Every structure is written in C-alpha cells, then in structure tokens.
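This briefing sets out the main structural features of one protein chain for a reader at the bench. The points are grouped by topic after a short overview.

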Amino acid sequence: MAVICLNKPHAAARAARLLCGVLVLLAAWADAAMAQAPTAAGVGAAELPRDLSPWGMFVSADPLVKAVLIGLAFASVVTWTVWLAKTIELVMARRRVKVDLATLGSAHRLADGVERLAATRSPTAAFLEAAVTEIQLSQSSADREGIKERIASRLERIEAACGRRIMRGTSVLATIGATAPFVGLFGTVWGIMNSFIGISREHTTNLAVVAPGIAEALLATAFGLAAAIPAVVIYNMFARSISGYRALLGDASAAVLRLVSRDLDRQVAGPAPAARRPAAVSAAE
C-alpha cells in the first residue's frame, strides 16, 4: 500500500469522466435555455429565490445535499486532524530512533546498550530486550548461528509490529481520498435532478428557476474535491515518511544484531586463552 494511486488506480479517472459528462450536459442545457429565452420570457420572468453565496446555498439546499456537504466537511476535518497527529508522531518517532542509533553505535557490548536505553520505551529498547531474552533462553545451546537466527526472528516481528502501529490512522486518508469525489458527485447528481424537477414544475427553462439547484450541485462537487485532494496528498506523504521510519528501524535491528554477534564471538574466544595458559606456564617452568 505504497501510494493511494496504486490502491485505487482508476478512481480519480472515473470521477473525472463522470464530472466531464455532467458538465457537458449542463453546457447543452444552457444552449437550449438560450435558444428558448423568448418562450421563457413569455411564461413569465422569475427572480432568484435565494442568496447564492456558499452559506446561502447550504442553508437553502435540499436535505440530502446538506447531508452530503456536512459529511464531506467532516471528512476534511478528519483529514487535517490525522495529518497533525501523525506528523507529530512520526517526527518524534524518527528522532527517537536516530538518537538510539547513535547510542548503539558507541556501545561495545549488548549490556552497554541495555544499560543506556533501559529507561526509554522506544522500539530499540524492545529490540535489546528481545535479544537479551533469547540469549538467556539459549544459554544451553552451543549453536551461535541458531541463536542469531532466533534473535533476528524476534527483531523482525517487533519491527513489523512497530510498522503497523505507525500506520494506524492512515487508512482513513485512503478511504476519504477514494470515496470523497464520488460522494460529492452524488450530491451533484441530486442537485441537478432537483433542477430538472424545478423545470418540470415551473414549465420554464429560465435560469432563475434552475440556477439554485445547479449551484448547489457544483458546491457539492467542490466540497468533494476539497476533501479528496488533501487526503490523497497527505496519504502519499505519510507513505514516504513511514518507509523512511521503517528503514531506521531496520538499521536499529541490524545494530542490535551486531552487538549480539560480538558478544557471542567473545564467549567463544574467551575460554581459549585460559585453556592455553597451563601449557604456556609448564613450558616456562
């Protein structure tokens, strides 16, 4: 789920085609209205029945169109709330992992890293704890490669869990970006339908009769795009940032594995000098 374009490759294209079709129908209707202007004048001139400002259109809109506009406005608020919360979370998480990487880079033993990061609750501390736990459980094993593989498996699971945790909330952005244009298009279709109902009821194609419904319809389209475009952009931005965060977690996992490998090598090399010491002493004697 790298980018939303990969999840919904044709959603934006379908919405654009539908919107173009609606605009073509509106243009054809406007031409017909201009051609029938004398007839419409004979039926009787009408005045605009309402204020055509955005707020005036919302207040006097059809209840269903109102519901669509409120839903899209709520979706936009959710998008910006998720953006603010996840931005703060990602910045703090990346900074914490970078500091832990610097700490692990200066550590010579696994115990040094555990001692320096014991007070933190970062993913790196979880890596160290998992490595220490596996080493304690494998004290009776002489297979160093098996110990490393088991530790690597534990670290991989922790890394995957941290990646899933940091992804929480971004699926809402994907949903909003994929559905908001169609919700707005539904409001557009409903508003245009009301306009044609007004034409049938008033028996005239005067713009004063149909303009309010068309304006409400276009307002729903604008709300849909205003909710969908930021959601798509923010989702793609988070996808790239989360990929960088996962790379940092991979670096931290590799640093812990290096410390484990050093400790295991010292355990193997440690008894050797002690075993050779008696022979060296007897030779000297």
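## Overview

Read from the N terminus, the elements of the protein chain follow the order α-α-α-α-α-α-α-α-α-α-α. In this predicted model, the secondary structure amounts to 11 helices and zero strands. The chain has 285 residues, of which 35% are buried.

**Chain-wide totals**

- Among contacts in the protein chain with a separation of 6 or more, 83% join residues 24 or more positions apart.
- The exposed surface of the protein chain is about 16200 Å², and carbon and sulfur atoms supply 65% of that area.

**Nonpolar cores**

- The largest nonpolar core consists of 17 residues, and Leu104, Leu110, Val256 and Val260 have the most contacts inside it.
- At least two residues of this core come from each of α6 (110–117), α7 (123–137), α8 and α10 (207–269).
- Helix α10 gives the most to this core, namely six residues.
- A second core, separate from that one, has 15 residues, including Cys162, Ala174, Tyr235 and Leu248.
- Leu110, one of the residues with the most contacts inside the largest core, touches Leu128, Ala131, Val132, Ile135, Val256, Leu259, Val260 and Asp263 when residues up to four places away in sequence are not counted.

**Helix α7**

- Helix α7 has 15 residues, and the distance from its first C-alpha to its last is 21 Å, close to the 21 Å expected at 1.5 Å a residue.
- The buried residues in α7 are Pro123, Thr124, Ala125, Phe127, Leu128, Ala130, Ala131 and Glu134.
- Of these, Leu128 and Ala131 are also among the residues that Leu110 touches.
- Glu134 is buried and is linked with Arg150 and Arg154 in a network of salt bridges.

**Helix α8**

- Helix α8 spans residues 144–167, which makes 24 residues, and it reaches 35 Å from first to last C-alpha, close to the 34 Å expected at 1.5 Å a residue.
- Gly146, Ile147, Ile151, Leu155, Cys162, Gly163 and Ile166 are buried in α8.
- Cys162, buried in α8, is included in the second nonpolar core.
- Just after α8, Gly169 adopts a positive phi of about 100°.

**Helix α5 and the nonpolar surface patch**

- Trp80, Trp83, Leu84, Ile88, Met92 and Met237 make a nonpolar surface patch of about 580 Å².
- Helix α5 (residues 63–105) provides the largest share of this patch, with five residues.
- Leu84, a patch residue, is found in helix α5.
- Leu84 counts as partly exposed because its relative accessibility is 47%, which lies between the limits of 20% and 50%.
- Thr79 also has its place in helix α5.
- Thr79 is buried because its relative accessible area is 1%, under the limit of 20%.
- Not counting residues up to four places away in sequence, Thr79 touches Leu173, Ile176, Ala227, Pro230, Ala231 and Ile234.

**Salt bridges**

- Side chains of opposite charge can pair when their charged atoms come close.
- The structure holds five salt bridges.
- Lys86 pairs with Glu89 in a salt bridge whose closest N and O atoms are 2.9 Å apart.
- Both Lys86 and Glu89 lie in helix α5, at a spacing of three residues, or about one turn of the helix.
- Lys86 counts as buried because its relative accessibility is 6%, whereas Glu89 is partly exposed, with a relative accessible area of 30%.
- Lys148 and Glu145 form a salt bridge through their side chains (3.9 Å, N to O).
- Both residues of the Lys148 and Glu145 pair lie in helix α8, three residues apart, about one turn of the helix.
- Glu145 counts as partly exposed because its relative accessibility is 45%.
- Glu156 and Arg157 meet through their side chains in a salt bridge (3.8 Å, N to O).
- Glu156 is likewise partly exposed, at 48% relative accessibility.
- A network of salt bridges links Glu134, Arg150 and Arg154.

Conventions: Residues are numbered from 1 along each chain as its sequence is written. This is a predicted model: local features need pLDDT of at least 70, side-chain atom pairs count only at pLDDT 80 or more; totals for chains, interfaces and linings use all residues. Side-chain values use heavy atoms; hydrogens and water are left out. Patches are made of residues with over 30% relative accessible area and no salt bridge: like charges are joined within 9 Å, nonpolar side chains (Val, Leu, Ile, Met, Phe, Trp, Tyr) within 5 Å. Accessible areas come from the Shrake-Rupley method with a 1.4 Å probe; for residues, only the protein chains shown count as cover. A salt bridge is a side-chain nitrogen of Lys or Arg within 4 Å of a carboxyl oxygen of Asp or Glu. Helices (H or I, at least four residues) and strands (E, at least two) are DSSP runs, numbered from the N terminus. Buried means under 20% relative accessible area, exposed over 50%, partly exposed in between (1.4 Å probe, protein chains only). The expected span of a helix is 1.5 Å times one less than its number of residues. Contact means heavy atoms within 4.5 Å. A nonpolar core is a set of buried Ala, Val, Leu, Ile, Met, Phe, Trp, Tyr and Cys residues joined through side-chain atoms within 4.5 Å.
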